[in-house]
Amino acid sequence: MPAAPLSSKTFLQSPKALLRLSIAVAVITIVLKGLAAYVTNSMGLISDALESFVNLASASFALGMVTIAARPPDEGHPYGHHKAEYFSSGFEGVLIFGAAAAIIWFGVLRLMNPQPLEQLGWGMGLSVLSSGFNAVLALMLFRAAAAHRSIALEADGRHLMTDVWTSAGVLVAVAAVALTGWLWLDPAIAIVVGLNIVREGFKLVWRSSQGLMDEALEPESIEALLAALERFRSATPEGERVRFDDVVTRRAGQRLFADLHMHVPGDWTLQRAAGLRDGVEQALMDAVPGLRVTIQLLPLGMEARAVLLEKEGA
């Protein structure tokens with residue numbers, strides 16, 4: 001039976017499709033913001049245009065990393081390639097630092113030698129148009145990032161939204177220059193833009209580093225997991241004779257993992273214990289969508305060797 005065709009809505013929610021769209025929008029905004037910077041000679045608009053080149057490079061790299069992350073497990077990577085997405089957000093953070101340094105440097109040079117602005121109407125109109133493209137795309141990326149639990153999409157969306165607010169600040173500054181005649185205000189706002197971009201880059205690099213170090217799931221997911229265990233104990237006749245402990249969680253790209261120990265009476269048969277474990281796994285996966293669960297069966301009164309070693313080391 002042939003597969004049902006993808007709707008346009010489903011297609012546009014695909015990480016790869018969205019990142020391809022992000023690349024296209026980055027090219028469009030480079031042209032629009034470049035023209036705005038050219039006709040106005042505004043350092044603020046020049047800094048805004050420079051950030052669009054970062055959007056292009058980061059979206060291109062993110063597309064490559066998402067493609068790698070989607071590969072199935074293989075002999076060399078039995079747990080999959082999901083952490084590739086963290087390299088994307090880290091790379092984007094580094095690019096942002098580079099763009100910020102260039103913006104601040106040129107802003108300082110222009111601050112030392114202010115220059116008049118020209119054709120502000122055309123320049124501001126082009127900048128508003130490009131910001132509209134970025135805002136719409138950022139909202140699409142946020143929705144898809146939540147649906148796919150993709151840090152690459154989230155990082156790209158956050159950077160684009162930062163770009164939108166940056167553009168808004170630049171436009172306010174350019175308008176203020178036109179009203180007051182204070183030419184120094186234009187390069188000053190460019191320097192502020194650069195510092196704001198540094199803050200965003202630091203946040204992206206931090207998120208990437210935490211993901212590479214197997215960060216635990218969000219508190220809300222952990223609470224849902226523990227609540228599901230308690231509900232299972234209460235709703236199952238044999239639940240009072242079962243104990244759960246050593247619950248640990250981690251995130252690897254779009255995949256969520258949980259490991260725990262399930263203690264059952266030592267006189268149970270393996271089939272009985274395994275059957276109950278299957279119900280626990282299903283309850284946890286229903287409580288936290290996308291969760292991969294590993295449950296180690298142990299008789300009551302016995303701890304796993306790894307846990308005993310950790311307690312001795314402590």
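This passage describes the nonpolar cores and a nonpolar surface patch of a predicted model. Local features need pLDDT of at least 70 and side-chain atom pairs pLDDT 80 or more, while totals for chains, interfaces and linings use all residues. Residues are numbered from 1 along each chain as its sequence is written, and side-chain values use heavy atoms, without hydrogens or water.

The largest nonpolar core holds 21 residues. A core here is a set of buried Ala, Val, Leu, Ile, Met, Phe, Trp, Tyr and Cys residues joined through side-chain atoms within 4.5 Å. Buried means under 20% relative accessible area, exposed over 50%, and partly exposed in between (1.4 Å probe, protein chains only). Phe-244, Met-262, Val-280, Leu-284 and Leu-291 touch the most other members. At least two core residues come from each of helix H8 (219-235), strand E2 (255-264), helix H9 (270-287) and strand E3 (291-299). Helices (H or I, at least four residues) and strands (E, at least two) are DSSP runs, numbered from the N terminus. E2 gives the largest share, five residues. A separate core has 19 residues, including Ala-36, Leu-126, Val-170 and Ile-197.

On the surface, Val-94, Phe-97, Val-198, Phe-202, Val-205 and Trp-206 make a nonpolar patch of about 540 Å². Patch residues have over 30% relative accessible area and no salt bridge; like charges are joined within 9 Å, and nonpolar side chains (Val, Leu, Ile, Met, Phe, Trp, Tyr) within 5 Å. A salt bridge places a side-chain nitrogen of Lys or Arg within 4 Å of a carboxyl oxygen of Asp or Glu. Areas follow the Shrake-Rupley method with a 1.4 Å probe; for residues, only the protein chains shown count as cover. Helices H4 (84-112) and H7 (185-212) each supply at least two patch residues. H7 gives the largest share, four. Val-205 lies in H7.
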